[in-house]
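Trainee: Could you take me through one part of this model in close detail, the strand pairing, and then work outward from there? I'd like one connected account rather than a list.

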Amino acid sequence: MDLRLALPALVVWVITAICLGVSPTTAAVIAVGAFVIGAATLIAQRKGLLRWEFAGPIVVGAAMAATCAAAMALRLEVRDAHPLRDMRGKATVVVTVREDPVDFGPAGGGRVRIRADIGAIGSRTVRPAPVEVIATETWSALSPGQHVRALVSIRAAPMPGLVVARLTASGQPRLLGRPPPLQRAATHIRDRLQQATSRSLPADAAGLFPGLVLGDDSALAPDLEDDFRAAGLSHLTAVSGANFAIVCGAVIGLIRLLGAPPKVVAVCGVLVILGFVVVVRPTPSVLRAAMMGVIGLLALVTARRSQALPALGAAVIGGVLWWPELARAPGFALSVAATAGLVMLSPSVRDVLRSWWVPPGLAEVLAMAIAAQVVTAPLIALGFGTFSVVSVIANVAVAPVVGVIGIVGTGAAVLAALGPSGGWSVVVAELLIRSLSAEMWWMIFCARHLGSWEWAQISVPDGWVGAVLVGGVTLVVGAGTVWLRRRVVEGQR
């Protein structure tokens with residue numbers, strides 16, 4: 001098992017997360033301290049006081065920590081020097097939307113939260129910097145890349161990070177131009193898919209289908225969303241690495257069947273990934289999912305999971321260095337943990353299940369669900385204070401239809417975007433969507449029945465106490481199950 005990039009990835013992740021909550025001076029001190037530790041360790045090794053097997057990881061880790069902390073110190077210094085950082089009161093600003101607006105829900109009073117980049121304050125152009133915009137639901141129709149002008153109230157940033165301020169919009173946005181072509185294309189595809197779905201499926205299924213295919217959960221019914229969350233299926237309604245692995249895996253498998261050489265397969269795989277990124281919007285969260293999907297796909301198509309571990313480490317390093325906010329994003333931690341579980345843990349679980357006479361196909365699906373549950377449950381307890389009792393059962397139950405919905409749904413989304421709204425391609429897309437009625441019914445049936453049980457999701461202490469508790473119980477149950485199985489086998493001999 002190749003773990004050479006595990007330490008550098010962990011160091012970059014931890015140091016970035018720490019530096020997001022400190023001052024530029026503290027980040028610089030961390031960089032200097034890491035450099036001193038690395039230099040002292042290297043000198044000690046050169047003088048024969050330490051073996052390289054022990055000193056090497058320390059030197060590499062210290063070098064990564066020093067580089068990462070120094071880069072973060074510069075970023076934090078630039079953040080603190082931004083003119084919006086110390087401004088308060090009202091001003092007219094120009095911002096560029098970075099991600100789709102997020103609804104606060106029924107308790108939010110119709111407000112949405114938007115990640116954006118500030119471009120101008122009044123008539124003065126300023127250096128682009130990330131801001132958080134709180135606005136009315138009239139902003140919910142904005143697309144990433146759209147430039148808008150609005151009157152806002154300027155307040156301090158809500159949490160540690162690189163965001164320079166929180167802006168509360170007091171009116172409707174004034175559109176400035178159009179979004180970039182890629183974002184317009186993504187919006188067109190998403191809108192066409194919603195229209196085709198609304199004409200082809202019942203209300204609940206029509207609201208769910210775009211989320212399963214493109215991560216567009218804007219029309220998802222709140223009660224169905226709650227059932228998905230309680231059943232441990234909410235990851236299916238967001239763009240995740242699984243989406244990329246399923247769609248790209250299907251295309252690559254088809255190209256392989258046609259007899260294409262490996263280089264052609266690789267190029268087509270890259271083109272499919274890029275196209276899927278465009279369709280679901282090239283935002284940081286989507287690009288993160290694309291990285292995780294590529295790693296899972298690498299483990300799948302090469303049958304050499306050891307190759308996926310260095311790729312996972314490289315993805316963590318590159319992602320955190322490019323988007324430091326990922327270091328504190330729960331979604332990033334869950335994506336990395338789930339991918340690592342798929343690569344490292346699921347093969348062993350599969351082999352154990354097959355030794356218990358579980359059929360190979362079912363053993364593979366069960367192993368993936370169990371591995372994901374084991375590695376992500378402590379993180380969910382850490383951040384949210386909950387534990388899904390039925391997650392493994394629910395994910396195994398819907399596993400046979402997830403891939404079908406993803407592959408056929410993606411094809412329907414592409415067809416629905418072609419030609420006029422009543423053209424032949426839209427008709428074919430609607431027929432494809434209707435053909436998934438049984439699969440959608442089964443998905444909703446599992447979420448409704450498993451997620452509606454009172455004990456489907458139980459509360460546990462949040463924070464590290466809950467994480468340790470859930471992790472400890474999981475290990476004890478797993479070890480006890482293996483021990484019991486061994487005793488049964490020994491008794492049968």
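Mentor: Start at Thr96, which stands opposite Asp117 in β3. That match belongs to the pairing of β1 (residues 89-97) with strand β3 (residues 111-121), antiparallel and held over five bridges. Strands here are DSSP runs of E at least two residues long, helices are runs of H or I of at least four residues, and both are numbered from the N terminus. Two strands count as paired if DSSP finds at least two bridges between them.

Before we go on, a word on what we're looking at. This is a predicted model, in which local features need pLDDT of at least 70 and side-chain atom pairs count only at pLDDT 80 or more, while totals for chains, interfaces and linings use all residues. Numbering runs from 1 along each chain as its sequence is written, and side-chain values use heavy atoms, with hydrogens and water left out.

Back to β1, which also pairs with strand β5 (residues 147-155), again in the antiparallel sense, over eight bridges. You can follow this pairing residue by residue: Thr92 has Leu151 as its bridge partner in β5, and Val93 has Ala150.

Now follow β5 itself to its other partners. Strand β6 (residues 166-169) runs antiparallel to β5 and is joined to it by four bridges; one place to see this is Ile154, whose bridge partner in β6 is Leu167. Strand β7 (residues 174-176) is antiparallel to β5 as well, through three bridges, and there Arg149 stands opposite Arg174.

Step back along the chain from β5 and you land in the loop that follows β4 (124-136), where Ser143 is found. Ser143 has a relative accessible area of 10%, so it is buried (buried means under 20% relative accessible area, exposed over 50% and partly exposed in between, with a 1.4 Å probe and protein chains only). What does Ser143 touch once its neighbours within four places in sequence are set aside? Its contacts are Val97, Pro179, Thr187 and Arg281, with contact meaning heavy atoms within 4.5 Å. Val97 takes us back to β1, which spans residues 89-97.

Zooming out for a moment, the chain has nine strands and 16 helices. Of its 493 residues, 44% count as buried. Take the contacts between residues at least 6 apart in sequence, and 72% of them join residues at least 24 apart.

The helices give a good example of that sort of link. Ala62 has its place in helix α3 (residues 52-80), and it counts as buried because its relative accessibility is 8%. Its C-alpha is 6.6 Å from that of Ile37, although 25 residues separate the two along the chain. Beyond its neighbours within four places in sequence, Ala62 is in contact with Ala34 and Gly38.

While you're in that helix, look at Cys68. Searching the whole structure turns up zero disulfides, a disulfide being a pair of cysteine sulfur atoms within 2.5 Å. Why doesn't Cys19 form a bond with Cys68? The closest cysteine sulfur to that of Cys19 is the one in Cys68, and because it sits 6.2 Å away, it is too far for a bond. Seen from the other side, Cys68 is in no disulfide either, and its nearest cysteine sulfur is that of Cys19. Both count as buried, Cys19 at a relative accessible area of 0% and Cys68 at 2%.

Last stop, the second largest pocket. On a 1 Å grid over the protein atoms alone, a pocket is an open set of points with protein on both sides within 12 Å along at least five of seven lines, whereas a cavity is a set where a 1.4 Å probe fits but cannot get out; lining residues have an atom within 4 Å of a point. This pocket holds about 940 Å³, the volume being the space filled by probe spheres set on points joined across faces, edges and corners. Its lining comes to 32 residues, with Trp13, Ala333, Val336, Ala337 and Leu379 lying nearest the centre. Elements giving two or more residues to that lining are α1 (6-19), α10 (308-322), α11 (330-355) and α12 (360-384), and α11 gives the most, nine residues. Elsewhere in α11 you'll find Pro347, buried at 15%, whose C-alpha is 8.1 Å from that of Glu364, 17 residues away in sequence.
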